[in-house]
Amino acid sequence: MISYFSDRQARHAPAMELQNGEMVPHAECHARVDAIKSALPRIAITEDHGMAPIQAVHEAAYIDFLQRAHADWVAAGRPGDAFPYVFPIRGRRPLALARIDAELGQYAYDCGTPVAEGTWEAVYWNAQTALSGLDAVLGGTACAFAFCRPPGHHAGRDYMGGYSYLNNVAIAAEHALRHGAKKVAVLDVDYHHGNGTQDIFYEREEVLTLSLHADPKSDYPFYWGHADETGAGAGAGYNHNFPMPRGTSWVAYKPNLLRAIDRVQAFQPDLLIVPYGADTYAGDPISFFNIETEDYTAMGATIAALDLPTLICMEGGYAVESLGANVAAFLTGFEA
Ligand SMILES: [Zn+2]
């Protein structure tokens, strides 16, 4: 399978994150890059599509913030990565002071997503990688893999969180709609709910969003991903969540995947985008499903049976020693 990646995506390298009350090494680490690259036989060069596709999804003020947040943090005399630490609780007045501390809280919803020195460069090229994979699929390639890193599916129009800054999948979906696609389906199979993607398309009927994930009653991101979130306005009925309990194995996962696939089939999209996270893996250090490496081939084959032009975008997956094998197993399912 043709894959896309830019080495400039590796410029994002935050040192630490706040997890369970401790500062710990950032799980979305640089070692993921080599682990996944080793599993990809053919990596094509990411092409630059410029800012317009990013601006079509994300708010201008948020893009501006991402571009300068780390420099502003350093200018304020702070060491290391830029971290939010004060958040506008519901009902408080909107941002009035252009001070980096206030802005970090305004645009972040967690403390796991610091802005490091190379973050903007990396996430810009990350989006370009998704767009380059999309070009291949729109150009007639049946399936392409965009090795997006860092992940993107937790990023909303004007917020970052969950290691995500720009929403690569949403950028690709919107770009496809502006270049001939009438309907796009997004089938998210990361361990965590794709809250950013859901939010961006929540009131849109031309993008069907589906997410299979750990029940937000027990797992991050808690405030999104429940089964009763089904879209609003013109998008009512075009968002589907499939929350599952911790410990879910492939046997229990597959019936939900088949239900999601039935919905995709009924929608008849021109394009399918699959945000793939290998953090559903039994050995993932920060997640709690029980899917094994060989199950990913079955998962890939089950989705590939839809026989739609498909762009796969990498999301999470933190068991670095098994990550290459889990990505390879999933992609193999598409080629069988
Ligand atoms: Zn995840």
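Two residues are taken to be in contact when heavy atoms of the one lie within 4.5 Å of heavy atoms of the other. On this basis, residues 24 or more positions apart account for 78% of those contacts in the protein that have a separation of 6 or more. The structure described here is a predicted model, in which the protein averages a pLDDT of 96 and 99% of the residues score at least 70. Among the elements of the protein, the lowest mean pLDDT, 92, belongs to strand β2 (residues 16-19), whereas strand β6 (residues 184-188) has the highest, 99.

The protein contains ten helices and ten strands. Its radius of gyration is 18 Å, close to the 20 Å that the globule rule gives for 336 residues, and the protein is therefore as compact as a globular protein of that length. Taken along the principal axes, the box filled by the C-alpha atoms is roughly 55 × 45 × 40 Å. Of the 336 residues, 58% count as buried. The accessible surface of the protein comes to about 13,000 Å², and carbon and sulfur atoms contribute 53% of this area. A nonpolar patch of about 250 Å² on the surface is made by Met-16, Leu-18 and Met-23. Of these residues, Leu-18 has its place in strand β2, and it counts as partly exposed because its relative accessibility is 39%, a value between the cut-offs of 20% and 50%.

Side chains of opposite charge can pair when their charged atoms come close. The structure holds 14 salt bridges. One of them is formed by Arg-32 with Glu-28, whose closest N and O atoms are 2.6 Å apart, and both Arg-32 and Glu-28 are buried. Another joins Glu-103 to Arg-68, with 2.8 Å between the closest N and O atoms. This pair links distant parts of the chain, since Glu-103 belongs to helix α4 (residues 100-107) and Arg-68 to helix α3 (residues 60-75), with the two residues 35 residues apart. Glu-103 counts as buried because its relative accessibility is 6%, whereas Arg-68, at 24%, counts as partly exposed. Both residues also take part in a network of salt bridges that links Asp-64, Arg-68, Asp-72 and Glu-103.

A further salt bridge is formed by Arg-246 and Asp-219, the closest N and O atoms again being 2.8 Å apart. Arg-246 lies in the loop between β8 (239-244) and α8 (250-267), and Asp-219 in the loop between β7 (207-214) and β8, so the pair ties together parts of the protein that are 27 residues apart in sequence. With a relative accessible area of 43%, Arg-246 is partly exposed, while Asp-219 counts as buried at 4% relative accessibility.

Contacts between separate parts of the sequence can be followed at Pro-275, which has its place in strand β9 (residues 271-276). Pro-275 is buried, with a relative accessible area of 0%. When its neighbours within four places in sequence are left aside, Pro-275 is in contact with Val-169, Val-186, Leu-187, Asp-188, Val-189, Asp-190, Cys-313 and Glu-315. Between Pro-275 and Glu-321, by comparison, the distance from C-alpha to C-alpha is 21 Å, and the two residues are 46 residues apart in sequence.

Several backbone features are also found in loops of the model. Most residues other than glycine have a negative phi, and most peptide bonds are trans. A cis peptide bond joins Arg-149 and Pro-150, with omega about 5°, and Pro-150 has its place in the loop between β5 (143-146) and α6 (168-177). The peptide bond from Tyr-220 to Pro-221 is likewise cis, with omega near 10°, and Pro-221 lies in the loop between β7 and β8. A positive phi, near 70°, is found at Tyr-163, a residue of the loop between β5 and α6. Tyr-163 is buried, with a relative accessible area of 7%. Phi is also positive at Asp-307, where the value is near 55°. Asp-307 is found in the loop between α9 (293-304) and β10 (310-314), and with a relative accessible area of 68% it is exposed.

Conventions
Residues are numbered from 1 along each chain as its sequence is written. This is a predicted model: local features need pLDDT of at least 70, side-chain atom pairs count only at pLDDT 80 or more; totals for chains, interfaces and linings use all residues. Side-chain values use heavy atoms; hydrogens and water are left out. pLDDT is the predictor's confidence in each residue, from 0 to 100. Helices (H or I, at least four residues) and strands (E, at least two) are DSSP runs, numbered from the N terminus. A salt bridge is a side-chain nitrogen of Lys or Arg within 4 Å of a carboxyl oxygen of Asp or Glu. Buried means under 20% relative accessible area, exposed over 50%, partly exposed in between (1.4 Å probe, protein chains only). The radius of gyration is taken over C-alpha atoms; the globule rule is 2.2 Å times the number of residues to the power 0.38. Accessible areas come from the Shrake-Rupley method with a 1.4 Å probe; for residues, only the protein chains shown count as cover. Patches are made of residues with over 30% relative accessible area and no salt bridge: like charges are joined within 9 Å, nonpolar side chains (Val, Leu, Ile, Met, Phe, Trp, Tyr) within 5 Å.
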